[in-house]
Amino acid sequence: MNAKLRLLRGAIFALCALFWAGLFFLAEPSSVSAVSDETYFCLWEDGTETEERYFTAFRDLLGIEGESVVLERDGMRGEIACGEACRALLGLIEHGNFGELAAAGTDGASRIEQAALYRRYRKTLFYAGEWMEWTGRSLAVTRERAAEEVVLLEGEIAPERLIAAHAETVYLRAEGELGGATFVGTYVKKVVAQAPYRAEGECVCLDVPGGARLIAGLPYAERVDVPQDVTFADEGALLACSRITELSLPFVGNAKSDAATEYRGELAHLFSTGESYQTPKTLRKLRVTGGHLTSHAFYACPSLEEIDACGMRSGEIEYDAFADCTQLRYLHCPRADVFLRGTFTRSVAPCGCTVFERAEGA
């Protein structure tokens, strides 16, 4: 999007925000009168039902949960069922793309429903090239500020912006974009993804024909189990995982098959900035279940102490695959004749693999 279009869109959103904010918080007397005439049936936890006016409902408003406006009075919760217009609007906010949400309005929604929606999303920031917020009536451009959650509607967001937002939850929509560096240094602990993305454990993947791509990992992860259906891994996909101690992979490198175009077989590919490897020194244990272990597969991963390659085919493991594992203490491997630095004892596991353990004092 060019600069003129971006400025125009920003100006339109800003004007809309001012207009709707004025209506929402500074209503004309006739509007106040109309609002005071609105009534809502509220079902309470004890089974009683009351007829509420806007001002009594607003006084006890908690927010919106599921498809109900929730009140709390004298320690008891009550629910006002949302109308069709409110439910449709809620669906757009929760699942819609940027275009749908930018065009959304509150026509047909009651005043208490609008207030409840504002209460629900007041600590949420939306992003589509710039920060936006839900004003209570529409989506509008806003300043950078702290938020509990960020909805990535469209495009890619810089990690610096996520850091500034302090958000711990990111909702990734289909038109949003992630890179391995997106979560580096951020406070993000949870990702809720929309197809074709999916969040599984500490990983965010993109479903593609024949499997999935590993896109990103989360910064607070100490153990990362990459889904077994992943067939390709982006460069630097786990850059954000600076605290990682254990890693489980369906393959090492960027692809399950070493016949892939531009194949990269080193584990450090997952921690590459494109200019250097930043494999965390905390990474001690690795389990790999398939793929190919190329020569010097663990270059720039000197902290590895335990590697379990049970499940791999011995013919897919090259003789000097573990040559750079200078701190290795334990190796479970289907190939018995691999090069290791130091002195190791050998034993045969029940599965038929060879277990190498570093000799005492070696």
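This report walks through charge pairs, aromatic pairs, a buried helix and some backbone details of one structure. The model is predicted, so every value below belongs to that prediction.

**Salt bridges**

Let us start with charge. Side chains of opposite charge can pair when their charged atoms come close. How many salt bridges does the count come to? The count comes to 20 salt bridges. Three of them are set out here, each with its N to O distance.

| Salt bridge | Distance (N to O) |
|---|---|
| Arginine 120 and glutamate 149 | 2.9 Å |
| Arginine 161 and glutamate 144 | 3.9 Å |
| Aspartate 207 and arginine 198 | 2.7 Å |

Take the salt bridge between arginine 120 and glutamate 149. This pair links distant parts of the chain, with arginine 120 in helix α6 and glutamate 149 in strand β9 (residues 149–152), 29 residues apart. Arginine 120 has 26% relative accessibility and counts as partly exposed. Glutamate 149, at 11%, counts as buried, because the cut-off for buried is under 20% relative accessible area.

The salt bridge between arginine 161 and glutamate 144 is also worth a look. Arginine 161 sits in helix α7 (residues 159–165) and glutamate 144 in the loop between β8 (139–141) and β9, so this pair ties together parts that are 17 residues apart in sequence. Is arginine 161 buried or partly exposed? Arginine 161 is partly exposed, at 29% relative accessibility. Glutamate 144 is partly exposed as well, at 41%.

In the salt bridge of aspartate 207 with arginine 198, aspartate 207 is partly exposed at 33% relative accessibility, whereas arginine 198 is buried at 17%. Elsewhere, Glu52, Arg59, Asp60 and Arg73 are joined into one network by salt bridges that share partners.

**A negative patch**

Which residues form the negative surface patch? They are Glu45, Asp46, Glu72 and Glu79. Of these, aspartate 46 can be placed in the loop between β1 (39–44) and β2 (49–53). Aspartate 46 has a relative accessibility of 49%, so it counts as partly exposed; the class of exposed is for values over 50%.

**Helix α6 and the aromatic pairs**

Helix α6, already met through arginine 120, covers residues 111–121. Why is helix α6 described as largely enclosed by the rest of the structure? Eight of its eleven residues are buried, so the helix is largely enclosed. The buried residues of α6 are Arg111, Ile112, Glu113, Gln114, Ala115, Ala116, Leu117 and Tyr121.

That last residue, tyrosine 121, brings us to the rings. The structure holds seven aromatic pairs. In one of them, tyrosine 121 and phenylalanine 126 are tilted, with 6.4 Å from centre to centre and 50 degrees between the planes. Tyrosine 121 and phenylalanine 126 are both buried.

A second tilted pair brings together tyrosine 319 and phenylalanine 339: the ring centres are 6.1 Å apart and the planes stand at 45 degrees. This pair links distant parts of the chain, since tyrosine 319 is in the loop between β21 (306–308) and β22 (330–333) and phenylalanine 339 is in the loop between β22 and β23 (344–348), 20 residues apart. Tyrosine 319 is partly exposed, with a relative accessible area of 46%. Phenylalanine 339 is also partly exposed, at 28% relative accessibility. In addition, Tyr54, Phe55 and Phe58 form one aromatic cluster.

**Backbone details and a loop contact**

Most residues other than glycine have a negative phi, and most peptide bonds are trans. Some places in this model depart from that pattern. The peptide bond from alanine 195 to proline 196 is cis, with omega near 15 degrees, and proline 196 falls in the loop between β13 (190–193) and β14 (197–200).

Where does histidine 296 lie? Histidine 296 is in the loop between β20 (285–288) and β21. Although not a glycine, histidine 296 has a positive phi of about 55 degrees. Histidine 296 is partly exposed, with a relative accessible area of 34%. Alanine 300 is likewise in the loop between β20 and β21. Phi of alanine 300 is positive, near 70 degrees, and alanine 300 counts as partly exposed at 27% relative accessibility.

Finally, arginine 243 lies in the loop between β18 (230–233) and β19 (246–249) and is partly exposed, at 43% relative accessibility. The C-alpha atoms of arginine 243 and leucine 283 are separated by 7.9 Å, while the two residues are 40 residues apart along the chain.

Key: Residues are numbered from 1 along each chain as its sequence is written. This is a predicted model: local features need pLDDT of at least 70, side-chain atom pairs count only at pLDDT 80 or more; totals for chains, interfaces and linings use all residues. Side-chain values use heavy atoms; hydrogens and water are left out. Patches are made of residues with over 30% relative accessible area and no salt bridge: like charges are joined within 9 Å, nonpolar side chains (Val, Leu, Ile, Met, Phe, Trp, Tyr) within 5 Å. Accessible areas come from the Shrake-Rupley method with a 1.4 Å probe; for residues, only the protein chains shown count as cover. A salt bridge is a side-chain nitrogen of Lys or Arg within 4 Å of a carboxyl oxygen of Asp or Glu. Lys and Arg count as positive and Asp and Glu as negative; His and the chain ends are not counted. The place of a charge is taken as NZ of Lys, CZ of Arg, CG of Asp or CD of Glu. Helices (H or I, at least four residues) and strands (E, at least two) are DSSP runs, numbered from the N terminus. Buried means under 20% relative accessible area, exposed over 50%, partly exposed in between (1.4 Å probe, protein chains only). Rings of Phe, Tyr and Trp (its six-membered ring) pair if their centres lie within 6.5 Å; planes under 30 degrees apart count as stacked, over 60 as edge-to-face and the rest as tilted.
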